[in-house]
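Me: I am new to this structure and would like a close look at a single part of it, with enough of the surroundings to keep my bearings. Please take one buried residue in a loop, describe its setting with care, and then set a few other places beside it.

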Amino acid sequence: MTHVEETYDIVIVGAGHAGCEAALAASRMGFETILFTVSMDSVALMPCNPNIGGSSKGHLVREIDALGGEMGKNIDKTYIQSKMLNVSKGPAVHSLRAQADKGEYTKEMRRTLQREPKLTLRQQEVTELLVEPVAPNAGPDEAKARRRVVGVRTCSGAVYHAKAVVLCTGVYLKARCIYGDTISYTGPNGLSAANHLSDSMADAGIGIRRFKTGTPPRIDRKSIDFSKTVEQKGNEHVVPFSFTNRSEDIAREQISCWLTYTNETTHEIIRENIDRSPLYSGVIQGTGPRYCPSIEDKIMKFPDKDRHQLFIEPEGEFTDEMYLDGMPSSLPEDVQYRMVHSVPGLEHAKIVRNAYAIEYDCISATELRPSLEFKGVEGLFAAGQINGSSGYEEAGAQGLMAGINAARKLQGKDPVVLSRSDGYIGVLIDDLVTKETHEPYRMMTSRAEYRLLLRQDNADLRLTPIGYEIGLIPEERYQAFLAKKEMIESEIRRLEETPIGAAKETQEFLTAHESAPLRTGACLADLLRRPEFTYEALAPLDTGRPTEGITEEVAEQVEISIKYEGYIRRQKQQVEHFLKMEEKRIPADMDYGQVKNLRKEARQKLEAVRPESIGQASRISGVSPADVSQLMLYLHL
């Protein structure tokens with residue numbers, strides 16, 4: 001029987017947020033790339049929440065953009081509401097979040113993919129990895145230990161040869177959607193599941209495990225009584241996700257969300273029917289996310305809470321579907337109606353789509369190198385929810401790095417591995433490949449040790465030079481970046497070098513702003529360090545301020561750099577110590593059995609993860625500081 005047989009440089013399996021970023025990176029770096037999806041309708045699909053960004057996730061999106069990825073640009077084109085979160089706190093935790101028009105987000109990303117000349121989109125299920133021994137004449141044990149991927153086979157029998165493959169399968173591997181006794185063996189939104197690739201992965205020696213996530217009911221806008229809810233508007237001043245955009249370029253009329261709450265009646269309905277929840281009856285075996293639990297989990301685990309927030313969010317500008325954020329569930333349909341109707345404003349709400357849980361196959365990311373390449377299969381990479389993470393932003397960040405590193409491998413170059421001090425992307429990937437995650441991983445600001453340095457506002461200053469070196473940042477954008485960087489540095493120098501005397505006008509200005517009078521000589525930077533002053537507020541005293549080049553972004557960087565100078569200096573010193581540990585490399589063929597006084601648990605964990613540096617070894621759960629010391633003694637470090 002004759003089958004289709006084609007050759008590409010790189011194959012991407014799955015066209016969700018990870019797959020789109022991986023495919024764009026690989027093709028833009030000059031490689032013929034094919035992107036497979038089970039359905040063209042699932043390209044950049046947002047099957048769950050209708051937003052991009054949020055606490056810590058906004059950092060990831062801005063870092064994706066700074067490296068040359070697409071997610072930030074795409075949400076800037078398709079948002080319907082924008083908000084900056086945590087503005088009452090310091091700049092380290094400010095996070096941008098935008099409600100998306102789900103349909104438009106998908107369409108716009110698909111248009112972007114289709115414009116790439118070296119990228120082919122293909123609707124087809126990939127069912128098999130084509131793997132061969134690295135050394136053709138090796139014995140069976142050696143052949144199993146050293147393998148490489150050479151392509152994929154689809155359900156039709158077609159073969160696609162490739163030098164690298166990136167798995168971005170999301171939640172589709174042997175997926176099943178569940179609510180109550182109703183089980184459908186599909187992916188999200190009724191799309192086809194991928195039922196065969198897991199077996200092929202297992203045959204290649206990759207461990208498979210089962211995770212679970214969930215989504216809330218969607219309700220009809222026309223059936224909501226908004227008078228009983230609290231309107232939530234977006235920010236008047238819109239901050240773009242992409243550093244290539246300006247606020248005025250993307251400003252548009254925004255659409256409101258609304259806030260309501262569950263109550264004791266809601267909770268009682270759930271408690272009375274908890275035995276009918278697949279989560280509690282044993283029907284669902286997969287491990288769910290700790291930080292985005294189902295509503296039944298919330299009620300059972302936090303019985304002291306008398307109410308929980310629910311945000312009613314539009315799924316788009318041209319649909320009446322509203323997303324009930326805060327009420328993911330797998331309870332039966334009749335119970336879902338009762339609990340929804342118990343909520344103020346939703347007494348007569350009509351459900352458009354039932355809430356459901358979804359179970360799917362994934363891997364333990366400790367099987368991956370920091371480059372996201374499998375340790376046991378050369379040329380095979382994985383990114384997104386297949387790695388045990390959750391969230392569009394986490395997926396997009398991994399997809400970008402996996403696509404970059406697949407291309408770098410074909411270029412014969414070292415992989416790009418961001419450290420924990422480079423960005424949230426570095427923290428995300430290091431956590432996944434180093435610390436064994438027993439539940440879907442969600443990024444949070446608390447996971448980043450150096451968050452004062454890793455702010456979302458300075459992502460371009462940290463990462464755009466890397467994106468330029470990789471080849472994903474065009475020359476024009478890079479030159480504009482260099483001009484911005486120079487303007488920030490020169491303005492900081494000017495403020496540090498501009499003296500302010502104790503003239504009468506100056507003292508009156510300080511008194512008017514409830515600031516202490518000057519008793520000794522000072523400079524403009526000294527005044528800016530006072531909490532009561534902003535860069536803009538000092539303009540009347542700053543007669544030598546440049547009239548051009550001081551954009552909103554430049555002013556923000558100048559103010560933060562000066563106000564937090566001491567804290568930033570201290571954190572940079574911590575980073576220097578961290579980098580010294582990362583530079584202490586561990587041989588790839590390290591025999592941990594030869595290290596004396598190493599505890600059994602530590603030896604087992606080190607053998608499983610096979611860290612590349614002493615720094616990474618120190619972050620493995622079950623490896624103590626004493627174990628690290630023994631390892632360093634053995635390696636004479």
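Reply: What follows begins with the whole protein, turns to the chosen residue, and then visits some other loops, a helix and a strand.

The model is a predicted one, and its protein contains 22 helices and 25 strands. Its radius of gyration is 26 Å, close to the 26 Å that the globule rule gives for 637 residues, so the protein is as compact as a globular protein of that length. Along the principal axes, the C-alpha atoms fill a box of roughly 90 × 70 × 55 Å. Of the 637 residues, 56% are buried, and among contacts with a separation of 6 or more, 73% are between residues 24 or more positions apart. The accessible surface comes to about 27200 Å², with 49% of it belonging to carbon and sulfur atoms. As for charge, the protein carries 79 positive and 92 negative charges, and the mean positions of these two sets are 3 Å apart.

The part chosen for the close look is Arg545, which sits in the loop between helix H17 (524-528) and helix H18 (552-563). Is Arg545 buried or exposed? With a relative accessibility of 16%, Arg545 counts as buried, because the cut-off for that word is under 20% relative accessible area. Two polar contacts can be followed from its side chain: one reaches the backbone oxygen of Tyr535 at 2.8 Å, while the other, at 2.9 Å, joins it to the side chain of Asp542. Once the neighbours within four places in sequence are set aside, the residues in contact with Arg545 are Glu491, Arg494, Tyr535, Glu536, Leu538 and Ala539. Tyr535 therefore appears both in that list of contacts and as the residue whose backbone oxygen the arginine side chain reaches, a pairing that rests on the contact cut-off of heavy atoms within 4.5 Å.

A second buried loop residue makes a useful companion. Ser223 lies in the loop between strand S15 (218-220) and strand S16 (230-232), and its relative accessibility of 13% places it among the buried residues. The side chain of Ser223 reaches the backbone oxygen of Asp220 at 2.7 Å, and it also reaches the backbone nitrogen of Lys350 at 2.9 Å. Lys350 is found again among the contacts of Ser223 beyond four places in sequence, together with Gly345, His348 and Ala349.

Ala44 is another buried case, with a relative accessible area of 0%, and its place is in the loop between strand S3 (33-37) and strand S4 (51-53). Leaving aside neighbours within four places in sequence, Ala44 is in contact with Ala15, Gly16, His17, Cys20, Tyr105, Thr106 and Met109. Its C-alpha atom is separated by 16 Å from that of Val166, a residue 122 positions away along the chain.

Burial can also be followed along a helix. Helix H3, residues 71-78, is mostly covered, since six of its eight residues are buried; these are Met71, Gly72, Asn74, Ile75, Asp76 and Thr78.

Two further loop residues are of interest for their backbone. Asn86, in the loop between strand S5 (79-85) and strand S6 (95-100), has a phi near 65 degrees, a positive value in a residue other than glycine, and is partly exposed, with a relative accessible area of 24%. Glu514 also has a positive phi, of about 55 degrees, although it is not a glycine; it is found in the loop between helix H16 (504-512) and strand S25 (522-523), where its relative accessible area of 74% makes it exposed.

A strand residue completes the tour. Tyr261 belongs to strand S17, residues 257-261, and counts as partly exposed at 21% relative accessibility. Beyond its neighbours within four places in sequence, Tyr261 is in contact with Arg307, His308, Gln309, Leu310, Val343 and Pro344. The C-alpha atoms of Tyr261 and Thr511, which are 250 residues apart along the chain, are separated by 46 Å.

To return to the chosen part, Arg545 is a buried residue in the loop between helix H17 and helix H18, with its side chain directed to the backbone oxygen of Tyr535 and joined to the side chain of Asp542.

Terms used
Residues numbered from 1 in each chain as written. Predicted model: local features only at pLDDT ≥ 70, side-chain atom pairs only at ≥ 80, totals over all residues. Heavy atoms only, no water. Helix = DSSP H or I, 4+ residues; strand = E, 2+ residues; numbered from the N terminus. Rg over C-alpha atoms; globule rule 2.2 N^0.38 Å. Buried < 20%, exposed > 50% of the residue type's maximum accessible area, 1.4 Å probe, protein only. Areas by Shrake-Rupley, 256 points an atom, 1.4 Å probe, with all protein chains shown as cover. Lys, Arg positive; Asp, Glu negative; His and termini not counted. Charge placed at Lys NZ, Arg CZ, Asp CG, Glu CD. Polar contact = N/O pair within 3.5 Å; in protein donor to acceptor, adjacent residues only side chain to side chain.
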